[in-house]
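Let's take a walk through this one together. Keep the picture open and turn it around as you read.

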Amino acid sequence: MMFGYLKPYGTNAPTINKLYKKYYCSLCHALWNYYGFKARFLLSYDLTFICAVLRLSIIEPASLQSICYEKSEIKDDDEAWKAMAALSLLMVSAKMQDDINDEKSFKAKIISRLYKKAFLKAKRDFPKASKTIETSFEEFEKKEQNHADLYEMAAAFSNIMSDAANSMVKCSDKDLAIIHFVSKWVYFIDAVDDIDEDIRKKRFNPFTAIAQSKKQLLTEHADYILDYASSITSELEPFVKEFDLTDETCKLIASVLVESIPYVSYCVFTNTVIRRKTLVMKVAERNGINYV
């Protein structure tokens, strides 16, 4: 899960990309500092966004060009950054185990073996969170085996993310609401995007109960797709209105929620390559297409 959908796109992207990159670099260095150089290769764009939601202190390097080659210590919020680095590893570890159980994935076995030391260290550092994630993924796998529907699966995944984050870093109600929303949306949009591949590889996908291809899903069940998207979007509306857009981090979070997510949704629904340029989005708006 969490495959890189939560990045800045849209009209505000040029002004907030530098701030997003600082969060990205900070999480990368947290992985390096606490779990070794190799752990950096499991860096997640989507967990980077959650770090922004939690408003963790970021590295302020003299030059972002050289930061990849110079190890930087995070002096502020060091325990929180350690927790987010561990969460990155614990989520990957649990996902790899899920893939091994589901499809005997050779790739998952290799990753589990390569990162065994880092995974074990993260589990030792945060045993309670590790147990929470493992138990949650076991329940998640049972729901897959029972062919649960989209609503149940997306809610289960959002609970994994929010419970894990809240067990490692203090989260406000607003933080948890945003994490709940983006986790549901990521599960949903990934299921839409991957349905053809999941059918081909005989993997579980909540949409295979109603469609046997992405084309069929989006043509014959468009109302179901839009109803679900609208239902989760409505959960976030009260919080979006509270954003202070004079604050750069709030502007970053709001931009991802109100620009990036609709744009990525549109690209997935129309099989359009996701790009930072907003030409497709502008053309669609001119033709009266409203984003989810």
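Start with the face of helix α5 that is turned away from its buried side: there you'll find the exposed residues Lys-116, Lys-117 and Arg-124. Here, "exposed" means over 50% relative accessible area, "buried" means under 20%, and "partly exposed" is what falls in between, with a 1.4 Å probe and protein chains only. A helix, for our purposes, is a DSSP run of H or I with at least four residues, a strand is a run of E with at least two, and both are numbered from the N terminus.

Before going on, a word about where this comes from: the model is predicted, so local features need pLDDT of at least 70 and side-chain atom pairs count only at pLDDT 80 or more, while totals for chains, interfaces and linings use all residues. Residues are numbered from 1 along each chain as its sequence is written, and side-chain values use heavy atoms, with hydrogens and water left out.

Now flip α5 over. Which residues of α5, running from 116 to 125, are buried? They are Ala-118, Phe-119 and Ala-122. Look down the axis of α5 and these buried residues fall within an arc of 100 degrees, so they line one face of the helix. (The arc is taken from the directions that lead from the helix axis to the C-beta atoms.)

What do those buried residues pack against? Their partners are α1 (13–35), α3 (78–103) and α4 (106–114). Contact, by the way, means heavy atoms within 4.5 Å.

Let's pick the pairing with α3. Two packed helices are described by the angle between their axes and the distance between the axes. For α3 and α5, the angle is about 125 degrees and the axes are 9 Å apart. That makes α3 oblique to α5. For the cut-offs, angles under 35 degrees count as roughly parallel, over 145 as roughly antiparallel, 65 to 115 as roughly perpendicular, and the rest as oblique. The axes themselves are lines fitted to C-alpha atoms, for helices over the stretch in contact, and the angles run from 0 to 180 degrees between N-to-C directions. On the α3 side, the contact is made by Lys-82, Ala-86, Leu-89, Leu-90, Val-92 and Ser-93, and on the α5 side by Ala-118, Phe-119, Ala-122, Lys-123 and Asp-125.

Time to zoom out. The protein chain has twelve helices and zero strands. Of its 292 residues, 52% count as buried. Among contacts in the chain with a separation of 6 or more, 70% are between residues 24 or more positions apart. For a pair to look up yourself, try Thr-270 and Leu-218: they are 52 residues apart along the chain, with their C-alpha atoms separated by 9.0 Å. Thr-270 sits in helix α11 (residues 248–270) and is partly exposed at 35% relative accessibility.

Next up, charged side chains. A salt bridge is a side-chain nitrogen of Lys or Arg within 4 Å of a carboxyl oxygen of Asp or Glu, and the count by this rule is twelve. One of them joins Glu-139 and Lys-142 at 3.6 Å, N to O. Both residues belong to helix α6 (residues 127–145), three residues apart, or about one turn of the helix. Glu-139 is partly exposed at 41%, and Lys-142 is partly exposed at 44%.

Another salt bridge pairs Glu-152 with Lys-143, with the closest N and O atoms 3.0 Å apart. Glu-152 is partly exposed, at 37%, and so is Lys-143, at 26%.

Then there's Asp-193 with Lys-214, where the closest N and O atoms are 3.4 Å apart. Asp-193 lies in helix α8 (residues 173–200) and Lys-214 in helix α9 (residues 214–220), so the pair ties together parts that are 21 residues apart in sequence. Asp-193 is partly exposed at 32%, whereas Lys-214 is buried at 6%. You can also hunt for a network of salt bridges that links Glu-197, Asp-198, Lys-201 and Arg-203.

Last stop: the loops. Lys-202 lies in the loop between α8 and α9, and its phi is near 60 degrees, a positive value in a residue other than glycine. Is Lys-202 buried or exposed? At 77% relative accessibility, Lys-202 counts as exposed. Arg-55, in the loop between α2 (45–53) and α3, has a positive phi of about 60 degrees although it is not a glycine. Arg-55 is partly exposed, at 41% relative accessibility.
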